[in-house]
Amino acid sequence: MSNRPEIVKLTLPVGTRDHAQGRETAAVTLVEYGDYECSHCGRAYPIVKEIQKRLGDRLRFVFRNFPLAEIHPHAQHAAEAAEAAAAQGKFWEMHDHLFEHQKALDDKSLKQYAATLNLDTTHFNRELDAHVHAPRVREDFLSGVRSGVNGTPTFFINGVRHNDAWDVEILMNAIERVKPKTGS
Amino acid sequence: MERSALDSGTPAPDFTLRSTTDHTVSLREFRRQPVILAFYPADWSPVCGDQMALYNEILPEFRQFSAELLGISVDGIWSHLAFAKDRHLQFPLLSDFEPKGAVARAYGVYREQDGHSERALFVIDADGIIRWSYVSPVGVNPGADGILTALEALIQRR
């Protein structure tokens, strides 16, 4: 990887616009820029779950969209589907469902997942077809571009880009390094 | 010794390279608009976060600056065409193929030891002057933030 120790920071701070799991007061905020159709992101999905399990309340996890739509034909719509689910208060349910069904992300499947998750499917389908959430997805994407996201998944730990590999132990070590020594 | 990349303030060397079997692209065609030159080592980088795929997604933002993006590597036309088709690239890939790497050399970004260019970026203004250049470690995708910042700076100069 890079020869230079490069510090790259998140330009759009985590805020109320974001989808977050965990407390705002958590010692560590982990942000992922991801793409539901990216196989690497699919591999990262259970890794993040494991880290959440290990750290519990001490971690807040935020997911932002970074669909590479030209190489992943369903990624943009999948991201919009997660946002449409968010509009009905079920972002994380859809986020998890999409990563657990990465191989089937066509529109028909997305609409089926909305039904599986007991969403208001009329509303969901209308929003998906009208690309209501496309601007929000683009906003996430561009915030990533301006923060030096160059591929997916890209992680930020307390606002600083994680430039290393992202298996459980490496991510845990990186998180432990930034975590304040006080508290638990 | 390797020469280093041409720096800001240097007139961008003109070139004419093939983009398809029967079409060439010259830098001088783009006077009066900014040009982004993205030299990269080779087609078919195996990762999802491929640099060219990323730039492909950011074309609308580049176009807001009226900027033209040109990808350049030493790969032949047939490789470029297959690569562009596979990744749905919506911008030209130029073939710095014969004499091999001549344009990369002119910009000071050819790696003699490897036989391909650096992963190097140049932002050239409407008058054909290089206003920003950046050489990334070969294995590191430099992203697009530097390009966008350089394009913003071009507007502020005027």
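On a 1 Å grid laid over the protein atoms alone, a cavity is a set of points where a 1.4 Å probe fits but can't get out; lining residues have an atom within 4 Å of a point. This is a predicted model, with pLDDT of at least 70 needed for local features and 80 or more for side-chain atom pairs, while totals for chains, interfaces and linings use all residues. Residues count from 1 along each chain as written, chains are lettered from A and ligands numbered from 1 in the order written, and side-chain values use heavy atoms, without hydrogens or water.

**Exercise 1.** Find the largest cavity and describe its lining.

*Solution.* Start with the search: the whole structure has 2 cavities of 30 Å³ or more. The largest has a volume (the space filled by probe spheres set on the points, joined across faces, edges and corners) of about 60 Å³.

Next, go through the walls. Among the lining residues are Cys41(A), Tyr45(A), Val48(A), Trp92(A), His95(A) and Phe99(A). Helices H1 (39-55) and H3 of chain A each give two or more residues (helices are DSSP runs of H or I, at least four residues, and strands are runs of E, at least two, numbered from the N terminus). H1(A) supplies the largest share, with 5 residues.

Finally, sort by class: 6 lining residues are nonpolar, 3 polar and 3 charged (Ala, Val, Leu, Ile, Met, Phe, Trp, Tyr, Cys and Pro are nonpolar; Asp, Glu, Lys and Arg charged; the others, Gly among them, polar).

**Exercise 2.** How do H2 and H3 of chain A cross, and which residues make the contact?

*Solution.* Look at the axes: H2 (75-86) and H3 (91-100) of chain A come within 7 Å and cross at roughly 150°. So H2(A) runs roughly antiparallel to H3(A) (angles over 145 degrees).

Now the contact (heavy atoms within 4.5 Å). H2(A) brings Ala78(A), Ala81(A), Ala82(A), Glu83(A), Ala85(A) and Ala86(A), while H3(A) brings Phe91(A), Met94(A) and Leu98(A). That gives 8 nonpolar residues, no polar ones and 1 charged.

**Exercise 3.** Where are the cis peptide bonds at Pro153(A) and Pro99(B)?

*Solution.* In chain A, the bond from Thr152(A) to Pro153(A) is cis, with omega near -5°. Pro153(A) sits in the loop between helix H6 (134-146) and strand E4 (154-157) of chain A.

In chain B, Glu98(B) and Pro99(B) are joined by a cis bond with omega about -5°. Pro99(B) belongs to the loop between strand E5 (93-95) and helix H3 (102-106) of chain B.

Key. Axes fitted to C-alpha atoms, helices over the stretch in contact; angles between N-to-C directions. Parallel < 35°, antiparallel > 145°, perpendicular 65-115°, else oblique. 1 Å grid on protein atoms, 1.4 Å probe; cavity = no way out; pocket = protein on both sides within 12 Å on 5 of 7 lines; lining within 4 Å.
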